[in-house]
Amino acid sequence: MASDQNFFHNCLLSLYLIAPPTYISLRFLQAPYGKHHRPGWGPTMSPPLAWFLMESPTLWLTLLLFPSGLHSSNPKALFLIVPFLFHYFHRTFLYPLRLCRNTTNPKTSGGFPVSVALMAFGFNLLNAYLQARWVSQYKDYEADGWFWWRFCVGLVVFGYGMAVNIWSDRVLVGLKKEGKGYKVPKGGWFELVSCPNYYGEMVEWLGWAVMTWSWAGLGFFLYTCANLVPRARANHKWYLEKFGEDYPKGRKAVIPFLY
């Protein structure tokens, strides 16, 4: 038990330590997939397959670890882990399937570097371990008299963020289906920010941090911001450079009205 606690704390510390260098590096160098696809990163693979493989640990590792936790049969723990699994069921299975169905020409969509997929796979191993062990083993449910209040508030925030994220991804994938290159996304949250999909995901994990009320949940939220804010900034710059005067000038990068 003590060795697992030490391992958990070391992993938690690692989550916080990798966030600042992730943010700093992505300010200058974008992961080479999607709009920023470029050669020189080694072999590539199909984007739908890459998404499936690199996101999969969040499901199979969570389901493997959760039953061994002290609170695995506690209804509070079960309620808490469901939103996490629901998000990653969508990201691991439904999103890649949507990419497959809506990509008319795989050659023009660019490959996904295996090296980037492996890094994401490693992060998801770390994060799935932390979230699953916190929820099933280390959270003190009996002493948390505010659990259901925090859970309900966090779930509303999480659900709102997930709805924005899924809707935005559908719009972007739908534009790919038309097979005429990149276009200016319009409607809904795209009228406010260039990357509402990233905004929605950050809001999701803010909700998760509130639900779990933990250093693990907060660390995941902060890392998500460290990863997605620089990419949203780069995407926003890419849109401005590509479309020039045709791109809405009032649109922010990722946070409505602010950034």
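Helix 4 runs over residues 75-102, and its length works out nicely: at 1.5 Å a residue, its 28 residues should span 40 Å, and the end C-alpha atoms are 39 Å apart, which agrees. Keep in mind that this is a predicted model. Let's follow helix 4 from its cap to its kink, then look at the surface patch it helps to build and at what the UniProt record says.

**Helix 4 up close**
- At the N-terminal end, Asn-74 acts as the cap of helix 4. A side-chain oxygen of Asn-74 sits 2.9 Å from the backbone nitrogen of Lys-76.
- Further along, helix 4 has a kink of about 35 degrees, and Arg-91 is at its centre.

**A nonpolar patch on the surface**
- Seven names to look for are Leu-49, Phe-52, Leu-53, Phe-89, Phe-93, Leu-94 and Leu-97: together they make a nonpolar surface patch of about 580 Å².
- Which helices each supply at least two residues of this patch? They are helix 2 (47-55) and helix 4.
- Helix 4 gives the largest share, with four residues. One patch member, Phe-93, lies in helix 4.

**What the UniProt record adds**
- An unreviewed UniProt entry carries the annotation "transmembrane region" for residues 7-29, 49-66, 78-97, 109-126, 147-167 and 205-229.
- Take residues 78-97: in the model this span is 100% helix and 0% strand, with its end C-alpha atoms 27 Å apart.
- Now try residues 205-229: here the chain is 92% helix and 0% strand, and the end C-alpha atoms lie 14 Å apart.

Notes: Residues numbered from 1 in each chain as written. Predicted model: local features only at pLDDT ≥ 70, side-chain atom pairs only at ≥ 80, totals over all residues. Heavy atoms only, no water. Expected span 1.5 Å × (residues − 1). Bend = angle between axes of the 7 residues up to and from the residue. Polar contact = N/O pair within 3.5 Å; in protein donor to acceptor, adjacent residues only side chain to side chain. UniProt positions renumbered as here; feature names shortened; annotations may be inferred. Patch = residues over 30% accessible without salt bridge, like charges linked within 9 Å, V, L, I, M, F, W, Y side chains within 5 Å. Areas by Shrake-Rupley, 256 points an atom, 1.4 Å probe, with all protein chains shown as cover. Salt bridge = Lys/Arg side-chain N within 4 Å of Asp/Glu carboxyl O.
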